[in-house]
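Student: I am new to this structure and should like to understand the terms used for it. Could we work through the reasoning behind each one?

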Amino acid sequence: MSKEHSKIPNDWDRSGLPAWSFFNKEMFEAEKDLFFRRHWQLICHSNDIPNNGDFVTWDLIGERALVIRGADGKVRAFHNLCKHRGSRVLAAEAGTCRSAITCPFHGWTYNLDGTLRGAAQPSSLPSLDPVKYGLPLLEMDIWNGFIFVRFQPGPQPKPSKILKKFDSEVSQYELADLQASGDGFWTEEVNANWKCVRDVDNEGYHVPMAHPGLHDLFGKNYHDEPLEDGLSRSVGSFSSGLGRLWSVKNYKKLLRAKDTLDESHKKCWLYIGVFPNLVFGLYPDSVIFYQEYPIENGKTIQRGGNYKFSGEDREMRISRYLSMRIDRLTSKEDEQLIEWSWEAAFSSAYQGVTLSDLEYGVKSYHDTLRKYFPVLMGPEPELGKLMQTNERLLAEQG
């Protein structure tokens, strides 16, 4: 496994995003629409819904997604929205429907394939076509068992096409066979703009100072590869020492790695980032994902899940517990850094940032944001003129 950094220019713009981009309301609304409605979002793994009738729901910026396995065993995705009055048809975050989905508002009933089975008191309604009045379909794609949806059409290719770049490397993890850990999905609320989460997560420069656990685990053996074609890759290879901290010391001592991994992957944590807001963590003992999404400007939800390998034994379960313990501490440490980054943009002394070569991943992410929003390269537009200005700049770029 190469530890070489991608080539970084000798002279590059180290200034980052302008302060106004973190609190401008028009910018925030435009980002919500493009990056969260019109880019692909990970919902769950297909083995989170292993049996017919199993489902997972997820709410995102006013959208409501429902992924369910039908009576035929096929996975489908819908808007969680009744065609009668718009009520959500399933209120739980996860569960099982035995044979049908019944809206809790008026009792309209849908088959597990989304078609309308019947409306309550049908004599009070005209004849309803079961497909036309079925649950509204969501665009869906599956990569190695992970289920993605997109609420509205957008510019991003399907995840299975984008992530094909990593298919060879990740094949040894046998991702399609992953099993739900039984812990469900975790969420944490962070008081910051969502981009602040990405800015902290897109570089490992802060690891030695801010993350004692990770630094104890990796030492100097951590490197980031900048975002390219919507994907980034980071690798933390285990240091040769025994470890000082309890979790790290015991993790290194007791680690039971998946036996299909090659020697380098048995001794590293591999991270794959997917623009705009998703990271996979592939560990020798388990696989995780985490993502962030806004609920309002200055309030962001971080969501994630943890998966065990098929056939997990006691030793691997202990390994997974220890890696998750290191991860939980790292996540809490990051929350403070994220919130401090958010606060900085409001200071009268804030004149932007000065990025290190070790933070080139932050720059590559900002460059991708600027590709969609060239308005970020200039001063804050007049009130009500942001999208008009951005459209003009996009047209000028051709």
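Student: How many disulfides does the structure hold, and how do you know that Cys 44 is in no disulfide?

Tutor: This is a predicted model, and it holds 0 disulfides. A disulfide requires two cysteine sulfur atoms within 2.5 Å. For Cys 44, the nearest cysteine sulfur belongs to Cys 97 and is 14 Å away, so the definition is not met.

Student: Why is Cys 44 called buried?

Tutor: The term applies under 20% relative accessible area. Cys 44 has a value of 0%, and therefore counts as buried. Cys 268, also with 0%, is buried as well.

Student: What makes β4 and β5 edge strands in the sheet of 4 strands?

Tutor: The open sheet has the order β4-β3-β2-β5, with antiparallel pairing. β4 (75-79) and β5 (94-96) each have a single partner strand, so one side of each is left without a neighbour in the sheet. From one strand to the next, the twist averages 20 degrees.

Student: How do you know that β3 and β4 pair?

Tutor: Pairing calls for at least two bridges. Strand β3 (residues 63-69) is joined to β4 by 5 bridges, so the requirement is satisfied. Within this antiparallel pair, Ile 68 has Arg 76 of β4 as its bridge partner.

Student: How do you know that the length of helix α9 agrees with its number of residues?

Tutor: At 1.5 Å a residue, its 13 residues (360-372) should span 18 Å; the end C-alpha atoms are 19 Å apart, which agrees.

Student: What makes α9 mostly covered?

Tutor: Of its 13 residues, 11 are buried, among them Tyr 360, His 366 and Tyr 372. The buried residues pack against α1 (25-37), α4 (194-201), β13 (222-228) and α10 (386-397).

Notes
Residues are numbered from 1 along each chain as its sequence is written. This is a predicted model: local features need pLDDT of at least 70, side-chain atom pairs count only at pLDDT 80 or more; totals for chains, interfaces and linings use all residues. Side-chain values use heavy atoms; hydrogens and water are left out. Buried means under 20% relative accessible area, exposed over 50%, partly exposed in between (1.4 Å probe, protein chains only). Helices (H or I, at least four residues) and strands (E, at least two) are DSSP runs, numbered from the N terminus. Axes are lines fitted to C-alpha atoms, for helices over the stretch in contact, and angles run from 0 to 180 degrees between N-to-C directions. The expected span of a helix is 1.5 Å times one less than its number of residues. Contact means heavy atoms within 4.5 Å.
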